[in-house]
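Here are some short exercises to work through with the coordinates open in your viewer. Try each task before reading its solution.

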Amino acid sequence: MPTLPLTYDGNPVLRKKAQPIRVVDHLLEQMLDDMVETMHANNGVGLAAPQIGVSKRLIVADIYDGEPPIRMVNPRIVEREGSVVGVEGCLSIPNVYGDVERAERVVVKGLNEKGKAITLTAEGLLARVFQHEIDHLDGRLFTDVATNIREMTEEELDEAADEGRYEPALGNI
Ligand code: CO
């Protein structure tokens with residue numbers, strides 16, 4: 001399975017509204033596998049198809065909790081609850097961070113890699129990853145919704161992590 005090159009802020013594909021998938025076939029499953037491979041190669045916890053230059057509604061996520069990586073087609077958030085502000089980054093905007101308010105818990109509906117309808121409930125880190133990745137599918141970057149956007153040094157990131165405001169994996173979504 002190949003690791004694919006990432007797209008970066010400034011690439012128009014990151015600003016397009018990604019197209020819904022109509023048919024889940026073997027090629028699409030292969031693309032989701034490539035996305036997982038690319039996410040892992042970048043120590044990522046989430047990746048959306050526009051980040052590999054593909055304007056389709058596909059996301060993957062892996063919070064390394066022992067569960068297999070999540071592969072999701074046409075994901076949509078159907079329920080949000082609570083609100084939490086945390087430091088977030090993005091693989092497509094290296095070294096830049098910002099404070100982003102997200103729902104604490106979300107319910108996401110979509111299809112899995114076999115085309116079967118699935119509903120996932122996520123809290124905390126995974127809930128943030130879903131919201132960030134689904135924003136990518138709508139051409140939205142975290143810097144559009146973040147406050148206090150800045151470059152952060154390793155020390156500042158460590159400090160934020162110690163204070164519970166930053167989960168290190170969230171630089172790689
Ligand atoms: Co991102």
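Two strands count as paired if DSSP finds at least two bridges between them. Keep that cut-off at hand for the first exercises, and remember throughout that this is a predicted model.

**Exercise 1. Find how β6 and β7 pair, and describe the link between them.**

Solution. Start with strand β6, residues 105-111. Seven bridges join β6 to β7, and the sense is antiparallel. Seven bridges satisfy the requirement of at least two, so the strands count as paired.

Next, check the register at both ends. Arg 105 has Glu 123 of β7 as its bridge partner, and Leu 111 stands opposite Ala 117 in β7.

Finally, look at the connection. Five residues lie between the two strands, which together form a hairpin. In the turn, Gly 115 has a positive phi of about 90°.

**Exercise 2. Which sense does the pairing of β3 and β6 have, and is β6 enclosed or open?**

Solution. Begin with the bridges: β3 pairs with β6 in the antiparallel sense over six of them. One of the contacts to locate is Arg 80, whose bridge partner in β6 is Val 106.

Then turn to accessibility. Buried means under 20% relative accessible area. Five of the seven residues of β6 are buried, so this strand is largely enclosed by the rest of the structure.

**Exercise 3. List the protein donors of the cobalt ion and classify the site.**

Solution. First, collect the donor atoms. Cys 90 gives SG, His 132 and His 136 each give NE2, and Ile 173 gives its O atom. These donors lie 2.1 to 2.4 Å from the cobalt ion.

Second, test the angles. Among the four donor atoms they run from 95 to 145°. A tetrahedral label needs all angles between 85 and 135 degrees, so the upper end of this range rules that label out. The site of the cobalt ion is irregular.

Third, write the sequence spacing of the donor residues: C-x41-H-x3-H-x36-I. Cys 90 sits in the loop between β4 (84-88) and β5 (96-102), and Ile 173 in the segment after α4 (154-162), so this pair ties together parts that are 83 residues apart in sequence.

Fourth, check the burial of that pair. The relative accessible area of Cys 90 is 2%, so Cys 90 is buried. Ile 173 is buried too, at 0% relative accessibility.

**Exercise 4. Describe the largest pocket: its volume, its lining and the elements that supply the lining.**

Solution. Take the volume to begin with: the largest pocket holds about 250 Å³ of space. It is lined by 14 residues, and those closest to its centre are Glu 67, Pro 68, Pro 69, Ile 70 and Leu 120.

Now sort the lining by class. Eight residues are nonpolar, five are charged and one is polar.

Last, map the lining onto the secondary structure. At least two lining residues come from each of β3 (70-81), β7 (117-123) and α2 (124-137).

**Exercise 5. Where do Asn 74 and Asn 148 lie, and what sign does phi have in each?**

Solution. Asn 74 belongs to strand β3. Its phi is near 50°, a positive value in a residue other than glycine.

Asn 148 belongs to strand β8, residues 147-151. Here phi is positive at about 55°, although Asn 148 is not a glycine. With a relative accessible area of 49%, Asn 148 is partly exposed.

**Exercise 6. Compare sequence separation with C-alpha distance for Pro 20 and Asn 74, and for Arg 165 and Gly 86.**

Solution. Place Pro 20 first: this residue is in the segment before α1 (26-41), and at 46% relative accessible area Pro 20 is partly exposed. Pro 20 and Asn 74 are 54 residues apart in sequence, with their C-alpha atoms 5.8 Å apart.

Now place Arg 165, which lies in the segment after α4 and is partly exposed at 37% relative accessibility. Arg 165 and Gly 86 are 79 residues apart along the chain, and 5.3 Å apart from C-alpha to C-alpha.

Key. Residues are numbered from 1 along each chain as its sequence is written. This is a predicted model: local features need pLDDT of at least 70, side-chain atom pairs count only at pLDDT 80 or more; totals for chains, interfaces and linings use all residues. Side-chain values use heavy atoms; hydrogens and water are left out. On a 1 Å grid over the protein atoms alone, a cavity is a set of points where a 1.4 Å probe fits but cannot get out, and a pocket is an open set with protein on both sides within 12 Å along at least five of seven lines; lining residues have an atom within 4 Å of a point. Grid points are joined across faces, edges and corners, and a volume is the space filled by probe spheres set on the points. Helices (H or I, at least four residues) and strands (E, at least two) are DSSP runs, numbered from the N terminus. Ala, Val, Leu, Ile, Met, Phe, Trp, Tyr, Cys and Pro count as nonpolar, Asp, Glu, Lys and Arg as charged, and the others, Gly among them, as polar. Donors are N, O and S atoms within 2.8 Å of the metal (3.2 Å for Na, K and Ca); water is not among the atoms, so sites may look incomplete. Four donors count as tetrahedral if all angles lie between 85 and 135 degrees; four count as square planar and six as octahedral if opposite donors are over 155 degrees apart and all others between 65 and 115; anything else is irregular. Buried means under 20% relative accessible area, exposed over 50%, partly exposed in between (1.4 Å probe, protein chains only).
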